Structures are given as C-alpha cells and as structure tokens.
Amino acid sequence: MRLDKFISQQLEISRAIAGREIRARNVTVDGEVVREAAFKVLPEHEVAHDGNVLLQQNGPRYFMLNKPEGYVCATEDEINPTILYFIEEPMAWKLHAAGRLDIDTTGLVLLTDDGQWSHRITSPRHHCEKTYRVTLAETVVPELVTRFADGIMLQGESELTKAAVLEILDDKQARVTLSEGRYHQVKRMFAACGNHVVALHRESVGDIALDEALEPGEYRPLTEAEILSINLPPELQKPLS
C-alpha cells in the first residue's frame, strides 16, 4: 500500500493532508524519515507518525460484541450512537455488522471486514440460524410452539415464515430460533399471535454463541473455531492474521 494511503486510513485524514504530513518529515518507516508519498508500505515495516507507531492491519478481522440497547448497527448515524463506539481497534470504521440488530435489541453482534464471511451469515440462501431470548407482555401459550413450527403469515406478506423453533422458558419468556431474517421478524411473529415483545436479546448466530463473560458494550476477537464454523468454502476463506 502507498504510504500516503496508509497514513490517510490510519489517521482518518484526506490523502492530500497525509501527503503534507509525509513531506513535513512527520512520518518514519523503521525509524527513518520517508518523504515519498508513493513509498510502498510492506507488512514488515514499522510506520510511525509524530513518533507514534501505527499498527498495520493485515488480514481479515472478526469480533463479537455484546450490544447494549440504544445503539444502532451502523458505521455512522446522524441521530443515534453506533456500535463502533465500543470498538477500540485500528480503522474500526472498516468493520461492519454481519446481521444487524434493532436499536432496542441487545446481545450478539458479529463484526468483520470480510464481506464474503458476513454474506454467508446474512444471505437467505444459507439459512444461518439465529437464536433469541424473548420477553413478552402476555403469557406464552403452548399452542404457539406448533404455530411457529408450521409458519406464520406476517402482516403485509404473501408467504408463511419458515419453520421456527419456539421453546417456552416461563410464562412470559421464550427462546426462538429462526433460519431466515425478515424485517422485525420475531416481533412480527408474536404480534401476529396477539402478543407483544417487550425485550429481545440475540444469544447466538449459527454455532457462535455470545460469550457469557462479556458485559454489555464489551467485545472480543472470535476464535479460529468460531470463524471457521460459518463454513465458508475454502476458496473464499482468507488467511487469518
């Protein structure tokens, strides 16, 4: 990567300003001042700006976040704070959520800069299961187990939902596992059955379960086993850094 592009990305400044910083002798590579914007930065180089080492990001990144209520799953938003508020990583703005949660929904969000990997999660073709813990306004009646398994006609749609697994936890709590991701699906399914979702918390995506050690707002890198559990074809897998 060109040095000016690297500095631009790392400092979140324009290429023109990055070039000025380079020409002003504010950038070093392996301890030596470099004034050529076109200098090629290699993975083994140590680049610093004003004496502060800039960490190179080589290879894809994968994280899980325990999302709190009140944050949107976007890189930027003019009204609401985004989940990137919690991510203390170089060039965090390059990460995106592999499957969004509503602003009032909590729990597992997967973040990555690997588009093929996230597509495997979000594409309807691959039927990646997501599991949610649901708190409801009214009692969850046993008959709903069969209704969810048979599919429910949502308002404004022409096809039944795919079979979903409903596990009743207590009078007003349930666990739902879906293999599709229609707009506000869990809330709309219960609404179609005459109930109202008070709170929604995602527990897992595929075989990746939210780490119980993570408090709301905390995150950690995914393990290699978690990354590979998405079953991306070998030809699409990127080398893990």
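**Close-up views of a predicted model**

**View 1. V165 bridges to T177 of strand 10.** The model shown here is predicted. Strand 9 covers residues 165-170, and five bridges tie this strand to strand 10. The two run antiparallel. A hairpin makes the connection from strand 9 to strand 10, through two residues.

**View 2. Strand 8 also pairs with strand 10.** Strand 8 takes in residues 130-136; strand 10 takes in residues 173-178. Six bridges link them, in the antiparallel sense. Look for T131: its bridge partner in strand 10 is T177. T177 is thus a landmark for two views, as the bridge partner of T131 and of V165. Strands of a sheet pair through backbone hydrogen bonds, in a parallel or an antiparallel sense.

**View 3. Four strands make an open sheet, ordered 2-1-3-4.** The pairing in this sheet is antiparallel. Strand 2 and strand 4 (52-54) stand at the edges. Each has a single partner strand, so one side of each has no neighbour in the sheet.

**View 4. Strand 3 meets strand 4 over three bridges.** These strands pair in the antiparallel sense. To find one bridge, start at A48: its partner in strand 4 is V53.

**View 5. H45 sits in the loop between strand 2 and strand 3.** Strand 2 spans 32-33, and strand 3 spans 47-49. Is H45 buried or exposed? H45 is buried, because its relative accessible area of 18% falls under the 20% cut-off. The side chain of H45 reaches the backbone nitrogen of L42 at 2.9 Å. Leaving out residues up to four places away in sequence, H45 touches V29, D30, F39, K40 and Q56.

**View 6. Helix 2 has buried residues A18, G19 and I22.** The helix runs over residues 15-23. Seen down the axis of helix 2, its buried residues fall within an arc of 100°, so they line one face of the helix. An α-helix has 3.6 residues a turn, so residues three or four places apart point the same way. What do the buried residues of helix 2 pack against? They pack against helix 1 (3-11) and strand 1 (27-29).

**View 7. R25 comes just after helix 2.** Its backbone takes a positive phi of about 65°.

Notes:
Residues numbered from 1 in each chain as written. Predicted model: local features only at pLDDT ≥ 70, side-chain atom pairs only at ≥ 80, totals over all residues. Heavy atoms only, no water. Buried < 20%, exposed > 50% of the residue type's maximum accessible area, 1.4 Å probe, protein only. Polar contact = N/O pair within 3.5 Å; in protein donor to acceptor, adjacent residues only side chain to side chain. Contact = heavy atoms within 4.5 Å. Pairing = 2+ DSSP bridges. Arc of directions from axis to C-beta.
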